[in-house]
Amino acid sequence: MHSHERVDVPGVTPIEAVDMIADGAMLIDVREQNEWETERIPGAEFKPMSRINGWYTDLPRDRTIIVQCNSGQRSASIINALMTQAGFDNLFNLTGGIVGWKFQNQPIER
């Protein structure tokens, strides 16, 4: 999956994401194994960018999904690809990624 089209990727702050997750949104972490093992956001599901073709078809289309990486760049590119090529419209980017999450003093698992 490679994207040449660009869409406006909707972003949510860590504070907004906490509320959305409490309301049933799914949080997926698209970083790689070593990053995931170092630290992660509690409740996130590990779906590495390098294996996107193996998992994106399993994502629910009837549930809000927040996509998260380290800083928000990889997750934005994934959302762009999923919106333009797979027709998803329920995706949000965690602005600032796990770095922004920690900056807001949100919980981390190590």
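These legends walk through a set of views of one predicted model, from the whole protein down to single residues.

Two notes apply throughout. Residue numbers start from 1 along each chain as its sequence is written, and side-chain values use heavy atoms, with hydrogens and water left out. As this is a predicted model, local features need pLDDT of at least 70 and side-chain atom pairs count only at pLDDT 80 or more, while totals for chains, interfaces and linings use all residues.

**View 1. The whole protein, with five helices and five strands.**
Going along the sequence, you meet the pattern β-α-β-α-β-α-β-α-β-α. Helices here are DSSP runs of H or I with at least four residues, strands are runs of E with at least two, and both are numbered from the N terminus. The C-alpha trace spans about 35 × 30 × 20 Å along its principal axes. The radius of gyration is 13 Å, which agrees with the value near 13 Å for a compact globule of 110 residues; it is taken over C-alpha atoms, and the globule rule is 2.2 Å times the number of residues to the power 0.38. Buried residues make up 43% of the 110, where buried means under 20% relative accessible area, exposed means over 50%, and partly exposed is in between (1.4 Å probe, protein chains only). Of the contacts (heavy atoms within 4.5 Å) with a separation of 6 or more, 71% join residues 24 or more positions apart. About 5900 Å² is exposed, and carbon and sulfur atoms supply 47% of that; the areas come from the Shrake-Rupley method with a 1.4 Å probe, and for residues only the protein chains shown count as cover.

**View 2. The largest nonpolar core, with 16 residues.**
A nonpolar core is a set of buried Ala, Val, Leu, Ile, Met, Phe, Trp, Tyr and Cys residues joined through side-chain atoms within 4.5 Å. Look for Ile28, Trp55, Leu59 and Leu82, the residues with the most contacts inside this core. Strand 2 (26-29), helix 3 (52-55), strand 4 (65-68) and helix 4 (73-85) each supply at least two of its residues. Helix 4 gives the largest share, three residues. Zoom in on Ile28 and, past its neighbours within four places in sequence, you find contacts that include Trp55, Leu59, Ile65, Ile66 and Val67. Glu45, Lys47 and Gln68 are also among its partners.

**View 3. A second, separate core of 12 residues.**
Val12, Leu27, Ala44 and Leu94 are among the members of this core.

**View 4. Trp36 and Phe46, the one aromatic pair in the structure.**
The ring centres are 5.1 Å apart and the planes sit at 25°, so the pair is stacked. For the bookkeeping, rings of Phe, Tyr and Trp (its six-membered ring) pair if their centres lie within 6.5 Å; planes under 30 degrees apart count as stacked, over 60 as edge-to-face and the rest as tilted. The pair links distant parts of the chain, with Trp36 in helix 2, Phe46 in strand 3, and their positions 10 residues apart in sequence. Trp36 is buried at 16% relative accessible area, whereas Phe46 is partly exposed at 22%.

**View 5. Arg40, in the loop between helix 2 (33-38) and strand 3 (45-46).**
This arginine is buried, with a relative accessible area of 17%. A polar atom of the Arg40 side chain lies 2.9 Å from the backbone oxygen of Trp36. Leaving out residues up to four places away in sequence, Arg40 touches Asp29, Arg31, Ile98, Ile108, Glu109 and Arg110.

**View 6. Met49, in the loop between strand 3 and helix 3.**
Met49 counts as partly exposed, at 29% relative accessibility. Beyond its neighbours within four places in sequence, Met49 contacts Val30, Arg31, Glu32, Arg74, Ser77 and Ile78. Met49 and Asp29 are 20 residues apart in sequence, and their C-alpha atoms are 8.7 Å apart.

**View 7. Val18, in helix 1 (residues 14-22).**
At 31% relative accessibility, Val18 is partly exposed. Not counting residues up to four places away in sequence, Val18 touches Trp101 and Gln106. From Val18 to Asp8 is 10 residues in sequence and 22 Å in space, C-alpha to C-alpha.

**View 8. Asn105, in the segment after helix 5 (97-103).**
Phi of Asn105 is near 60°, a positive value in a residue other than glycine. Most residues other than glycine have a negative phi. Asn105 is exposed, with a relative accessible area of 69%.

How values were computed:
Polar contact = N/O pair within 3.5 Å; in protein donor to acceptor, adjacent residues only side chain to side chain.
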